[in-house]
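Student: I should like a close look at a single part of this model, namely the place where the ligand sits and the parts around it. Please treat it as one connected account.

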Amino acid sequence: MQFDAIILGGGIIGCTHGHYLAQRGLKVAVFERGRIGGGTTARNFSWVNATSKTGNPDYHRLNALGVSMYDDLAAAFGAEAIGLRQTGALILARRSQAALHAALRRQAAALERLGYPVAWLDAQALQAHEPDLSLADDTEALLAPADKCLDAPRLARFMAGRIAAAGGAVFENCAALELLTDEAGAVSGLRSARGEMRAPRVVVAAGPDTPAVLGALTGYDGFATRFPVNRVPGLLVTTPPVEAGRVRHLVWIDGPRDLHVLPEPDGGLRIAADAEDGAVSEPPDPAALRPHAAALLERMRKIMPAFAGAELLDACRIEVGIRAMPQDGLSIAGAMPGAEGLFVIVTHSGVTLAPALGQLMAEVVADGVRPQMLRPFGPERLPGFA
Ligand SMILES: Cc1cc2nc3c(=O)[nH]c(=O)nc-3n(C[C@H](O)[C@H](O)[C@H](O)COP(=O)(O)OP(=O)(O)OC[C@H]3O[C@@H](n4cnc5c(N)ncnc54)[C@H](O)[C@@H]3O)c2cc1C
C-alpha cells in the first residue's frame, strides 16, 4: 500500500501529528504495535500547562502554544469529544517554608514576564477556590487559570479517527519492523507485521521506545545505546469516586513531601509525587509499589482529613508510566540528519505539546519547511548529529 507519510507510534504525539498531516491533504498511515493511546499516553499526570516550564523561554513558548491550541481544538470539535477539562491549576506553598514560597513567587514573576496568565492567591482566596481542602493557615497559591486536564488516550483515539476519516489508515496491533530505503538510501517505507507499506516520509513517534525503535529499524545499534533519551518511570494512583470532598483544580504541592492531585471526571482523584517516583523500577514490581501508593494516599488524607487514605489502597488503580526524557529536557523534533525522509518527534510533556509539535512538524514533513519555533528543538543539536 502507498501512503504520503507513515507514522510509527499511535500515542498522543503520533496521532495528533497525523491529524495535522491529513489536514494538509496527505494520505497518512499510523502503525501502532498495541492499542492507540495505550503507551505512556495512557499513564501520565494529564496536566496541560506551560506553568512548570519557566527555565527556557523557547520551551515555554512551545508549551504555551500547546495550551492555547487546545482551546482551538475544543472550539473545533468540542471539549468533551477530545477529553479536555478546563480545570486550571493551583501550585501551593506555605509562607513558613520560606525557600519554597520564594521559589513560587519567582515562578509567578517569571510567568508574568513571559506573558502567561497567572494570579497569586492569599490563604483566604485559596480556601475559596478549594473549600474541601484543609490547608495550613499560611498556605498561598499561584493560580494558572489557562491550565487544563486532558484524557490523553481519548484525544489519541479521536485523532486516529480523523486520520481514518480523511482517507488514511490506522493499523493497531501492528509493529513496525524495518525501515525500507531506495537505491539512493532515501526512506521509501516500512516493513510491518502486515507486510511492506510504501511512503517517502516516515515519522518515528515511539515515545520512550524511540532509541530502541530507531536502532531496530535502521539496524544501527548506536541509536539504541546513545540516542540521548532516558526512560524515567513515574507512579500514579487513581482512587474510586471520593465521598469526602471534591478537588476542583489540578493541585500541585512542591517540597520533600510533594503531592500532585488531579480530579478525575467521575469524582475520583489521580495522585502522584516526585518523591515516590524515585522508588519505581522498570519493570515495576507490583508488591514493591504498594507502600509507595499507600504513602501517596496518606499524604492526600493530610489535606483532606475525611479522605480514607491508605484504607482505599485495594480499591485504587496503581500504575507506572514511563517518561521519554531527553537528556537536556527539551523536545527532539525534526528531520533526522543524514537520513532523507526520516523524521522524529520525542518529548516529555507530550500531553501539553502534542498539538504544537504535531502542527509545527506537519510543516516540516509535508513542505520541508522548518518553522522558527522548532529551530531550538532539532535533532541536529544532539551529540553525534552536528
Ligand atoms: C508519570 C508521568 C506523568 C506525566 N505527566 C505529564 C503531564 O502532566 N503533562 C504532560 O504534558 N506530559 C506528561 N507526561 C508525559 C506524557 O505522558 C508523554 O510525553 C506523552 O504521553 C508521550 O506520548 P507519545 O505519543 O510520544 O508516546 P506513547 O504514548 O508511549 O506512544 C508511543 C507509541 O509507540 C508505540 N510503538 C513503540 N514501538 C513500536 C513499533 N516498533 N511499532 C509500532 N508501534 C510502536 C508504542 O506502543 C506506543 O503506543 C507524563 C509522563 C509520565 C510517565
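Tutor: The account below begins with the domains, turns to the ligand and the core, and then follows the strands and loops.

The structure is a predicted model, in which local features need pLDDT of at least 70 and side-chain atom pairs count only at pLDDT 80 or more, while totals for chains, interfaces and linings use all residues. Residues are numbered from 1 along each chain as its sequence is written.

The domain assignment of the protein chain gives domain 1 (5-46 + 152-228 + 328-381) and domain 2 (86-147 + 231-324); such bounds come from an automatic or database domain assignment. Between the C-alpha centres of domain 1 and domain 2 there are 32 Å. Their contact takes 11 residues from domain 1 and 12 residues from domain 2, where two residues are in contact if their C-beta atoms, placed from the backbone, lie within 7 Å. On the side of domain 1 that touches domain 2, three residues are nonpolar, seven polar and one charged. In this classification Ala, Val, Leu, Ile, Met, Phe, Trp, Tyr, Cys and Pro count as nonpolar, Asp, Glu, Lys and Arg as charged, and the others, Gly among them, as polar.

The ligand is surrounded by 40 residues, and the closest are Gly11, Gly39, Gly207, Gly234 and Gly350; a residue is near a molecule or strand if its C-beta atom, placed from the backbone, lies within 6 Å of it. Two or more residues of the shell around the ligand come from each of α1 (12-23), β14 (229-238), β18 (317-326) and α11. Helices (H or I, at least four residues) and strands (E, at least two) are DSSP runs, numbered from the N terminus. By class, the shell has 16 nonpolar, 19 polar and five charged residues. Both domain 1 and domain 2 give residues to the shell around the ligand, so it lies between them.

The largest nonpolar core has 119 residues, and Ile6 and Leu8 are those with the most contacts inside it. A nonpolar core is a set of buried Ala, Val, Leu, Ile, Met, Phe, Trp, Tyr and Cys residues joined through C-beta atoms within 7 Å. A residue is buried if 20 or more other C-beta atoms lie within 10 Å of its own, exposed if 12 or fewer, and partly exposed in between, with C-beta atoms placed from the backbone. Helix α11 (residues 350-367) gives the most to the largest core, with 10 residues. Domain 1 and domain 2 both give residues to this core, so it lies between them. When residues up to four places away in sequence are not counted, isoleucine 6 touches Ala29, Phe31, Gly189, Leu190, Met197, Ala199 and Val202.

Serine 349 belongs to the loop between β20 (342-346) and α11. Although serine 349 is not a glycine, its phi is positive, at about 55°. Serine 349 is buried, with 24 other C-beta atoms within 10 Å.

Strand β14, one of the elements of the shell, runs antiparallel to β18, joined to it by 10 bridges; two strands pair if DSSP finds at least two bridges between them. Leucine 236 has glutamate 319 in β18 as its bridge partner. β14 also runs antiparallel to strand β17 (residues 269-272), with two bridges, and there threonine 238 stands opposite arginine 270.

A further, open sheet has three strands in the order β3-β8-β4, with antiparallel pairing. Its edge strands, β3 (47-48) and β4 (84-85), each pair on one side only. Two bridges link β3 to strand β8 (residues 148-150) in the antiparallel sense, and valine 48 stands opposite lysine 148 in β8. Serine 46 lies in the loop between β2 (28-31) and β3. Its phi is near 65°, a positive value in a residue other than glycine, and serine 46 is buried, with 22 other C-beta atoms within 10 Å.

Threonine 87 is in the loop between β4 and β5 (89-94) and is buried, with 20 other C-beta atoms within 10 Å. Not counting residues up to four places away in sequence, threonine 87 touches Lys148, Cys149, His249, Leu250 and Pro263. The C-alpha atoms of threonine 87 and valine 48 are separated by 10.0 Å, with the two residues 39 residues apart along the chain.
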